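This report goes through a single chain, from its overall layout down to a handful of residues. Please keep the sequence and the model open while reading.

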Amino acid sequence: MKRVFFPMIFAPLLAACSLLPGRDAAEFPPAPPGEGQLRPVARPDSGAARVPPAGARTAEALDTTTAEERAAAASPAAGGARDLGATIATLGDPARPGFWLETPLVRSPAKGRVEYDGKSAQVDLIPIDGAATAGSRLSLAAMRLIGAPLAGLPEIRVFTDG
């Protein structure tokens, strides 16, 4: 009887805590950083990134790369590339523009190339946490350029420049 009684009393009391005054987050605005504290740094606007139009639902509408950007990404890389291995790729954030691969195959950002079914694309390699055998996320523009299935799990080959 004592074990049933305990939760029956404290559960409603705990739920009532949200009704206490002063619990609204709007009442506590964030304090500006003090002297010597780290401040977030805004990313510089490169001007190259374009946002998909509102209401975009198709791959063509979400892919904001230009024909010139696609041609440059499709051109073979100069110099010796190092093979990092194969990875299973999924579609990354379709609203994020550009040619990029988020992968655990690199430990620091680098320039590289991905290959699938005889086609390749130059990409920015972005490190993510995980084992080297974990999967990767490929940009919409890169997936379309190499002809990888957007809804599939294609195995792609990854190379780093130099």
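What follows describes the fold, the internal space, the charge-over-ring pairs and several individual residues of a predicted model.

**Layout of the chain**

The chain has four helices and six strands. Their order along the sequence is α-α-α-β-β-β-β-β-α-β. Of the 162 residues in the chain, 26% are buried. Among contacts between residues at least 6 apart in sequence, 69% join residues at least 24 apart.

**Internal space**

How many cavities of 30 Å³ or more does a search of the whole structure find? The search returns one. The space in the largest cavity is about 50 Å³. Its lining consists of Leu62, Asp63, Thr64, Thr65, Pro94, Arg96, Pro97, Gly98, Leu140 and Ala141.

Ala141, one of the lining residues, belongs to helix H4, which spans residues 140-146. Ala141 counts as buried because its relative accessibility is 4%, and the cut-off for buried is under 20%. Leaving out residues up to four places away in sequence, Ala141 touches Asp63, Thr65, Gly98 and Phe99. Of these contacts, Asp63, Thr65 and Gly98 are also on the list of residues that line the largest cavity. Val123 lies 18 residues from Ala141 along the chain, and the C-alpha atoms of the two are separated by 9.9 Å.

**Aromatic rings and charges**

The structure holds zero aromatic pairs. Rings do take part in charge-over-ring arrangements, including one in which Arg96 lies over the face of Trp100 at 4.1 Å from the ring centre. Arg96 also helps to line the largest cavity. In another, the charged end of Arg113 sits over the ring of Phe159, 4.3 Å from its centre.

**Two buried threonines in strands**

Thr87 is in strand S1, residues 81-91, and Thr160 is in strand S6, residues 155-161. Thr87 has a relative accessibility of 3% and therefore counts as buried. Thr160, at 8%, is also classed as buried.

Each threonine side chain has a polar contact with a backbone oxygen. The side chain of Thr87 reaches the backbone oxygen of Ala134 at 3.4 Å. For Thr160, a polar side-chain atom lies 3.4 Å from the backbone oxygen of Lys111.

Apart from residues up to four places away in sequence, Thr87 touches Leu105, Ala134, Gly135, Ser136, Pro154, Glu155, Ile156 and Val158. With its neighbours within four places set aside, Thr160 is in contact with Gly80, Ala81, Arg82, Leu84, Ala110, Lys111, Gly112 and Leu125. Ala134 and Lys111, whose backbone oxygens are named above, appear in these contact lists, Ala134 with Thr87 and Lys111 with Thr160.

**Two prolines and a loop residue**

Pro127 lies in strand S4, while Pro149 lies in the loop between H4 and S6. Pro127 counts as partly exposed because its relative accessibility is 29%. Pro149, with a relative accessible area of 36%, is partly exposed as well.

Once neighbours within four places in sequence are set aside, Pro127 is in contact with Thr103, Val106, Arg107, Ser108 and Pro109. One of these, Arg107, is 20 residues from Pro127 in sequence and 5.4 Å away in space, C-alpha to C-alpha. On the same basis, Pro149 is in contact with Tyr116, Met143 and Pro154. Pro149 and Ala89 are 60 residues apart in sequence, with 9.9 Å between their C-alpha atoms.

Is Asp117 buried or exposed? At 70% relative accessibility, Asp117 is exposed. Asp117 sits in the loop between strand S3 (110-116) and strand S4 (119-127). Most residues other than glycine have a negative phi. Asp117, although not a glycine, has a positive phi of about 50 degrees.

**Accessibility of the residues discussed**

| Residue | Relative accessibility | Class |
|---|---|---|
| Thr87 | 3% | buried |
| Ala141 | 4% | buried |
| Thr160 | 8% | buried |
| Pro127 | 29% | partly exposed |
| Pro149 | 36% | partly exposed |
| Asp117 | 70% | exposed |

Notes:
Residues numbered from 1 in each chain as written. Predicted model: local features only at pLDDT ≥ 70, side-chain atom pairs only at ≥ 80, totals over all residues. Heavy atoms only, no water. Phe/Tyr/Trp six-rings, centres within 6.5 Å; stacked < 30°, edge-to-face > 60°. Lys NZ or Arg CZ within 6 Å of the ring centre and 35° of its normal. Buried < 20%, exposed > 50% of the residue type's maximum accessible area, 1.4 Å probe, protein only. Polar contact = N/O pair within 3.5 Å; in protein donor to acceptor, adjacent residues only side chain to side chain. Contact = heavy atoms within 4.5 Å. 1 Å grid on protein atoms, 1.4 Å probe; cavity = no way out; pocket = protein on both sides within 12 Å on 5 of 7 lines; lining within 4 Å. Points joined across faces, edges and corners; volume = space filled by probe spheres on them.
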